[in-house]
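Got the viewer open? Let's walk through the structure one selection at a time.

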Amino acid sequence: EGIHSPGGDMRWAVSEDMLLKPPYNYIVRLYVRKNCCGAEQGTAYLVHSGSDSAFCFYVTAAHVLVCCKATCSGKGTLCKEVQLWAGKRSEATPIATVTYDETSERFTPDGTWYKVNPLYLNNIGDKLQRLQYDYAVIAVLKDDLKTKFYKGGGFQLYKRSEIASVYSNCYVAGFPTIVVKRGVNATDNKDLFEHGDKEITLGHQSASIWEYTIDTTGGQSGAPVFQRTAATTSLGIHVGFKDGPCNKAVVLSLEKFEEMIQWRHIDPQTTEMD
């Protein structure tokens, strides 16, 4: 991830009054406790799944929920706890918490769960190969959400056949852990920052990856890459990338999302996503 604006970091903080409005009320900060490499911050966002679903489905980057540091003894293991925090810094408690016991393979509270793309885990040792599989889903029962931020909505998605190769006027909004802007150095940031009005294009090596020069830093992994339309549409999940001139996102289509929310019911070793 990196800053690509010629004048330096051009992100702006989303104002308090906007945090209760779409699409910002769909975006949450993740506080993730991992098994062997401490705690980390990430971003996730709600995808519209219909009023008949008992769940709210939040998507994020797979590496946010997995120990993946080269020096980590638990590399490839799922994190043990995920807290979802609404955007306002004044919120005293998370809107939801999901824990995972690796021994019993049990999630708490009952009914909640999160899953990482198994092909990401299968390619955990290959940074370039795993990039296209870097996405995950967190399922929270609507009745368990402790928030006024959720209002039955979520980002819309395009069908796979509707996705073009180039989009303009796109944005990324997430929770960077470090913000260096206009002389302000925030190393423990918990505010939602946004940057955009930029063009994104499909990666020249993979139709599964968006590339763009929108400014991002660590903590924004899992953030939505979106268009501001009447029904705000997410085009992908920001995953960052340290090498090269562009930041990157995994393309997220409606079909891919519908497959993701079925991961709980299928053999993860045979799951194939494009």
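Select residues 267-274 to begin: pLDDT stays under 50 along this stretch, although the model still gives these residues 18 contacts beyond four places in sequence. Where pLDDT is low, the predicted coordinates shouldn't be read in detail. This is a predicted model, and its protein chain has a mean pLDDT of 85, with 87% of residues at 70 or more.

Now for the charged pairs. The whole structure holds 6 salt bridges. Pick Glu81 and Arg33, whose closest N and O atoms are 3.6 Å apart. This pair ties together distant parts of the chain: Glu81 belongs to strand 5 (residues 81-85) and Arg33 to strand 2 (residues 27-33), 48 residues apart. Glu81 is buried at 12% relative accessible area, while Arg33 is partly exposed at 33%.

Next, show Glu40 and Lys34, a salt bridge at 3.1 Å, N to O. Here Lys34 is buried, at 4%, and Glu40 is partly exposed, at 27%. Then jump to Arg106 and Asp110, which meet at 2.8 Å. Arg106 is partly exposed, at 47%; Asp110 is exposed, at 51%.

On to the rings. A search of the whole structure turns up 13 aromatic pairs. Select Phe55 and Phe57: their ring centres are 5.6 Å apart and their planes sit at 35°, so the pair counts as tilted. Phe55 is buried at 18% relative accessibility, and Phe57 is buried at 6%.

Last stop: select Tyr26, Tyr45, Phe155, Tyr171 and Phe226, a cluster linked by ring pairs. Add Arg228 to the view, and you'll find it over the face of Tyr171, 4.0 Å from the ring centre.

Note on methods:
Residues numbered from 1 in each chain as written. Predicted model: local features only at pLDDT ≥ 70, side-chain atom pairs only at ≥ 80, totals over all residues. Heavy atoms only, no water. Phe/Tyr/Trp six-rings, centres within 6.5 Å; stacked < 30°, edge-to-face > 60°. Buried < 20%, exposed > 50% of the residue type's maximum accessible area, 1.4 Å probe, protein only. Lys NZ or Arg CZ within 6 Å of the ring centre and 35° of its normal. pLDDT = per-residue confidence, 0-100. Contact = heavy atoms within 4.5 Å. Salt bridge = Lys/Arg side-chain N within 4 Å of Asp/Glu carboxyl O. Helix = DSSP H or I, 4+ residues; strand = E, 2+ residues; numbered from the N terminus.
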